[in-house]
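Trainee: I would like to learn how to read a model with two chains. Where should we begin?

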Protein chains: 2
Amino acid sequence: VRRFVVLGRSALASGEFSLDDLPGTSGRLDVLLRCVRAALLHSHGIRHDTVIYLVLEGGHRAPRTVRVDGASAKFVRPDERPLATLLKKVLSSDADESHAGFVDVRPGIALAKGGLEIVLEETRGSPKYVLEENAQDIRGVEFDSHDGVFVLGDHLGFDERTRAQLVSLGAKAISVGPLSLHTDDVVAIVQNELDRRE
Amino acid sequence: VRRFVVLGRSALASGEFSLDDLPGTSGRLDVLLRCVRAALLHSHGIRHDTVIYLVLEGGHRAPRTVRVDGASAKFVRPDERPLATLLKKVLSSDADESHAGFVDVRPGIALAKGGLEIVLEETRGSPKYVLEENAQDIRGVEFDSHDGVFVLGDHLGFDERTRAQLVSLGAKAISVGPLSLHTDDVVAIVQNELDRRE
């Protein structure tokens, strides 16, 4: 399984945002929604071999993490507004209050209290890669395309503590090219590289 | 200059769509809007070396073409709703009615009556590439990264006549990988390849 983890440093962990002004009211949850599309959808449907985690670090309910599993997720649309509507419903759930770890709240979509540490717990043993600028070119990196965990920052990048935590776990820093790109473009390029390796 | 041309076979050439249901009311203009983001924006702003043409073939005002020039465009946002709002205003203009060729209607954004032929006229002499499945891998293609015109279909792909027209002009068919991807992902991957060549 291919796994993507997007860290939303300001992304709202509750459903209290406006669909009409997503960037302005959700702590840039729009960035993360575009990553869901890029990670999970191709022209002919959904990627059953991909899971994406959205780590939401903004607002009074943070941290919370949403997991979308391509193997079973339904109603994943390419456009932002319905994706935002779906996430709003998911985040309005209280199911994670009384449950440790991920709890399904929609088909293929689970919610958990906690942030990156809960993802690291669930993906223990799988090789980790941190996407960042000026690191080794992904095209020259050998990896198991069936068992990689790719960790990406949002528009704010990683904070120092998180980066240090990932490196201490053996995460390898890799880069997709010479320019700093939007997170969803990075996801698309990583997926393309994995597609080519299969 | 890098140029992208996206053919929207059903994309509405007028502003008569709803921002609250873009896919359902605009002939999938949302696909083209996402291509604008992928073509023009990176983490630190706009790509001044890129132009994107949206060829709108749907509705009673079709065909019309919108040209967004990264060198001078303003207010190009990454999220769909403000991009759709901007395009709605552009398409509500009548400036192209009394003018042959492209006419500026917003900073860096021009509108023209006519479809692909007007783009081919404007890009005459520049090498053309058609993005499609099962063609030569882009990584093995030699091209001038400063003067390429990359033509992409929307979610419906190319019609036969258009494809034949492009091939007769010497357009080379290229592919970004083994899977059929969303058009905006293809744009992101082409931009990444061009970035790497510079």
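**Reading the interface and the folds**

Mentor: Begin with the surface the copies use. Of the interface residues of chain B, 100% are also interface residues in chain A, so the copies meet through the same surface. Keep in mind that this is a predicted model.

Trainee: How are the two copies related in space?

Mentor: The general idea comes first. Two copies of a chain are related by a rotation about an axis and a shift along it. Here, a turn of 180° and a shift of 0.0 Å along the axis lay chain B on chain A, with an RMSD of 0.0 Å. The two copies are therefore related as by a two-fold rotation axis.

Trainee: Which C-alpha of chain B is nearest the axis?

Mentor: That of Ile189(B), 3.0 Å from the axis.

Trainee: How many residues does each chain bring to the contact?

Mentor: Chain B gives 37 residues and chain A gives 37 residues. Then look at area. The two chains bury about 3,200 Å² between them, and 45% of that is on carbon and sulfur atoms. Within chain B, the residues that lose the most area to chain A are Arg139(B), His182(B) and Arg196(B). Together they make up 20% of what that side buries.

Trainee: What about charge pairs across the interface?

Mentor: Count them, then look at one. The rule finds 10 salt bridges across the interface of chain B and chain A. In one of them, the side chains of Glu193(B) and Arg139(A) meet, with N to O at 2.6 Å. Polar contacts are a separate count: 23 residue pairs across this interface, both residues at pLDDT 80 or more.

Trainee: Which elements of chain B supply at least two residues to the side that touches chain A?

Mentor: They are α2 (29-40), β2 (41-42), α3 (80-91), β8 (128-137) and α6 (183-197) of chain B. The largest share, eight residues, comes from α6(B). Sort that side of chain B by residue class as well: 12 nonpolar, seven polar and 18 charged.

Trainee: How many salt bridges are there over all chains?

Mentor: A search of the whole structure finds 48. Take a pair within chain A: Asp20(A) and Arg81(A), whose closest N and O atoms are 2.8 Å apart. This pair links distant parts of the chain, 61 residues apart. Asp20(A) is in the loop between β1 (2-12) and α1 (22-25) of chain A, while Arg81(A) is in helix α3 (residues 80-91) of chain A.

Trainee: Now strands. How should I read a hairpin?

Mentor: Check the sense of pairing, then the turn. In chain A, strand β6 (residues 103-106) and strand β7 (residues 109-113) pair in the antiparallel sense over three bridges. For the register, Asp104(A) stands opposite Ala110(A) in β7(A). Two residues lie between β6(A) and β7(A) in this hairpin. In the turn, Gly108(A) has a positive phi of about 75°. For side chains, use a general rule: in a regular strand they alternate between the two faces of the sheet.

Trainee: And the ends of a helix?

Mentor: Look at both ends. In chain B, Asp159(B) caps the N-terminal end of helix α5 (residues 160-168). A side-chain oxygen of Asp159(B) lies 3.1 Å from the backbone nitrogen of Arg161(B). Just after α5(B), Gly170(B) takes a positive phi of about 90°. Now turn to chain A. At the start of its helix α5 (residues 160-168), a side-chain oxygen of Asp159(A) reaches to within 3.1 Å of the backbone nitrogen of Arg161(A). Gly170(A) follows α5(A), with a positive phi near 90°.

Trainee: Which residue other than glycine has a positive phi?

Mentor: Arg28(A) is a case, with phi near 65°. Arg28(A) lies in the loop between α1 and α2 (29-40) of chain A.

Trainee: Where do I find cis peptide bonds?

Mentor: Read omega. From Ala62(A) to Pro63(A) the peptide bond is cis, with omega near -5°. Pro63(A) sits in the loop between β4 (50-58) and β5 (64-69) of chain A. In chain B, a cis peptide bond joins Ala62(B) and Pro63(B), with omega about -5°. Pro63(B) is placed in the loop between β4 (50-58) and β5 (64-69) of chain B.

Technical notes: Residues are numbered from 1 along each chain as its sequence is written. Chains are lettered from A and ligands numbered from 1 in the order in which they are written. This is a predicted model: local features need pLDDT of at least 70, side-chain atom pairs count only at pLDDT 80 or more; totals for chains, interfaces and linings use all residues. Side-chain values use heavy atoms; hydrogens and water are left out. A polar contact is a pair of N or O atoms within 3.5 Å; within protein, one must be able to donate a hydrogen and the other to accept it, and residues adjacent in sequence count only if both atoms are side-chain atoms. Helices (H or I, at least four residues) and strands (E, at least two) are DSSP runs, numbered from the N terminus. Two strands pair if DSSP finds at least two bridges between them. Contact means heavy atoms within 4.5 Å. Buried area is the accessible area (1.4 Å probe) that two parts lose on being put together, summed over both. A salt bridge is a side-chain nitrogen of Lys or Arg within 4 Å of a carboxyl oxygen of Asp or Glu. Ala, Val, Leu, Ile, Met, Phe, Trp, Tyr, Cys and Pro count as nonpolar, Asp, Glu, Lys and Arg as charged, and the others, Gly among them, as polar. Copies are superposed by least squares on the C-alpha atoms of residues with pLDDT of at least 70 in both.
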